[in-house]
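Hi,

Here is the structure I said I would pass on. Have a look at it first, and then read my notes underneath.

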Amino acid sequence: MACQFRDPIHGMINLNEGELEIVNSAPFQRLRYIRQLGTSYLVYHGAEHTRFGHSIGVMHLVGKAMDILKKKQPEPMDDFEYERLKQIVKIVALVHDIGHAPFSHVGEESGLFPELKDFDGEVTSGHEVYSRLIVSEFLKDIIEKNECFAKMNIKIVDVLSFMKGTITNPKYFFAKELISGQIDMDRMDYLLRDSYYCGVKYGEYDLHRLLDTLTICCPQEGIWQLGIESDGVQAVEEFVFSRYWMFIQVYFHKTRRILDYYLVEFLKESLRGGKYPEELSEYLELTDNHILELVRGRSGKNKWAKSILQRNCMSEVFVSTPHQLDKKDDNDYHKLGWIDDQLRKKFPVDEEPWNYYIDQAKTSSAKYQISPSTLLSDESEEDGEEEEIPLYAIPVKDKHTEKIDSVQSYSLPINSLSDK
């Protein structure tokens with residue numbers, strides 16, 4: 001153990017020397033100045049927490065989950081291989097958000113992110129590719145040369161492949177899902193952390209019970225998938241609904257959403273070319289503080305900046321139900337279309353974009369099935385000859401028969417939220 005961090009959510013968190021060296025690096029320290037919830041601090045004044053604490057919390061939970069799952073392997077993996085896998089996934093957890101832009105998710109669906117060439121040559125955009133490129137360029141020496149990692153023969157490509165999800169070993173899929181899945185450690189941390197700092201109860205759930213009932217399922221030959229024991233279904237229900245409530249009450253709060261919109265429009269006018277810089281060193285200079293200084297400096301002439309500083313927001317005139325809109329049956333869908341049509345006729349958005357804004361959320365509460373092609377890289381498939389069999393997004397293993405089924409088959413409440 002190299003050191004301990006005292007965390008308000010998880011208590012004492014242990015870091016080894018390699019993990020500490022990553023935390024002490026300049027790109028990771030930048031996360032101290034990237035708020036976890038964007039502009040939500042202007043709604044919930046306690047929401048000043050950052051990606052720094054969240055990233056350390058996710059790493060901590062990944063370590064705990066891997067320790068629990070070691071005892072539940074379908075067939076024992078070699079101890080060295082398992083501990084190496086655990087360390088790789090802890091590194092991935094630690095750096096998974098290292099490429100976030102100022103105010104975290106603000107602007108990710110608004111064209112602010114440029115197209116970048118990823119470490120594997122693919123051209124893509126978003127904070128995830130920034131994360132991989134930052135890790136590749138600035139943390140390679142730490143990952144490959146620090147004694148803690150070197151003795152396990154961890155290479156930068158191992159970390160980057162997990163970050164992108166292009167793993168080829170089907171036994172490692174459960175470990176990937178600990179970072180990005182329906183019951184991943186990222187969600188487990190941010191729900192509790194965001195709830196705590198916002199001063200609400202919506203994101204609370206039984207973390208320890210949920211972790212204890214995690215297991216490894218084998219729905220298809222050779223694939224190890226993260227799942228839950230049937231005794232843990234109620235813990236999953238609580239977890240899924242805590243996320244649902246947090247989205248409705250906190251993440252999709254109307255004031256936060258409109259402030260995010262103002263900030264995006266301000267950045268489009270203020271950033272060179274209307275996008276974040278492609279150069280990594282230049283991108284890493286951008287923090288919440290940097291952007292806020294730009295906002296303050298231009299608030300006298302820029303309408304978006306003035307609205308942000310004065311918290312002068314549009315009034316809400318219509319809101320649909322918080323559930324998925326059905327084009328055929330839901331009256332709200334037709335109302336929204338009519339309102340949009342009338343507003344566009346009366347207030348052309350291209351001429352006066354601050355007159356009105358229609359905000360639509362695209363996140364579903366709980367998925368039902370996922371495709372194996374999204375889990376493993378193409379290298380693990382047989383040239384597309386075999387028909388894909390969908391995997392359950394949250395598989396449940398029956399404690400008596402070990403039969404695997406979807407969590408929706410065990411839980412009517414979760415089934416009601418699912419996007420099939």
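Leaving out its neighbours within four places in sequence, V135 is in contact with V95, I98, K140, I143, I156, V159, L160 and M163. This is a predicted model, by the way, so please read everything here in that light. V135 also turns up among the residues that touch the most other members of the largest nonpolar core, together with I22, F174, M185, M188, L214 and Y276. That core has 119 residues, and helix α12 (residues 233–251) gives the most to it, with eleven residues.

V135 is one of the buried residues of helix α5, the others being H127, V129, Y130, S131, R132, L133 and I134. Helix α5 itself covers residues 127–138, twelve in number. From first C-alpha to last it reaches 16 Å, close to the 16 Å expected at 1.5 Å a residue.

Now the sheet. Four strands make up an open sheet in the order β5-β6-β10-β11, and the pairing is mixed. At the edges sit β5 (214–217) and β11 (404–406), each of which pairs on one side only. On average, neighbouring strands of this sheet are turned by 50 degrees against each other, ignoring direction. Inside the sheet, β6 (residues 225–229) and β10 (residues 395–397) run parallel and are joined by two bridges. If you want a spot to click on, E229 stands opposite K397 in β10. Helix α3 (residues 51–70) packs on the sheet, where it touches β5 and β6. The direction of α3 makes about 60 degrees with that of β5.

On to the charges. Side chains of opposite charge can pair when their charged atoms come close. How many salt bridges does a search of the whole structure find? The count is 24, and a few of them are worth a look.

One is between the side chains of R193 and D7, at 3.0 Å from N to O. R193 belongs to helix α10 (residues 185–198) and D7 to strand β1 (residues 3–7), so this pair ties together parts that are 186 residues apart in sequence. Are the two partners buried or exposed? R193 has 3% relative accessibility and therefore counts as buried; D7, at 10%, counts as buried too.

Another salt bridge is formed by the side chains of D97 and R51, at 2.7 Å from N to O. D97 lies in the loop between α4 (79–95) and β3 (116–117), while R51 is in helix α3, so the pair ties together parts that are 46 residues apart in sequence. Both D97 and R51 are buried. Helix α3 is also the helix that packs on the sheet.

E293 and R296 are a local pair: both lie in helix α15 (residues 288–298), three residues apart, or about one turn of the helix. Their closest N and O atoms are 3.2 Å apart in the salt bridge. E293 counts as exposed because its relative accessibility is 52%, whereas R296, with a relative accessible area of 46%, is partly exposed.

Finally, there is a network: D118, D120, E122, R132 and K164 are joined into one by salt bridges that share partners. R132 there is also on the list of buried residues of α5, which takes us back to the helix with V135.

Cheers

Conventions. Residues are numbered from 1 along each chain as its sequence is written. This is a predicted model: local features need pLDDT of at least 70, side-chain atom pairs count only at pLDDT 80 or more; totals for chains, interfaces and linings use all residues. Side-chain values use heavy atoms; hydrogens and water are left out. Two strands pair if DSSP finds at least two bridges between them. Axes are lines fitted to C-alpha atoms, for helices over the stretch in contact, and angles run from 0 to 180 degrees between N-to-C directions. Contact means heavy atoms within 4.5 Å. The expected span of a helix is 1.5 Å times one less than its number of residues. Buried means under 20% relative accessible area, exposed over 50%, partly exposed in between (1.4 Å probe, protein chains only). A nonpolar core is a set of buried Ala, Val, Leu, Ile, Met, Phe, Trp, Tyr and Cys residues joined through side-chain atoms within 4.5 Å. A salt bridge is a side-chain nitrogen of Lys or Arg within 4 Å of a carboxyl oxygen of Asp or Glu.
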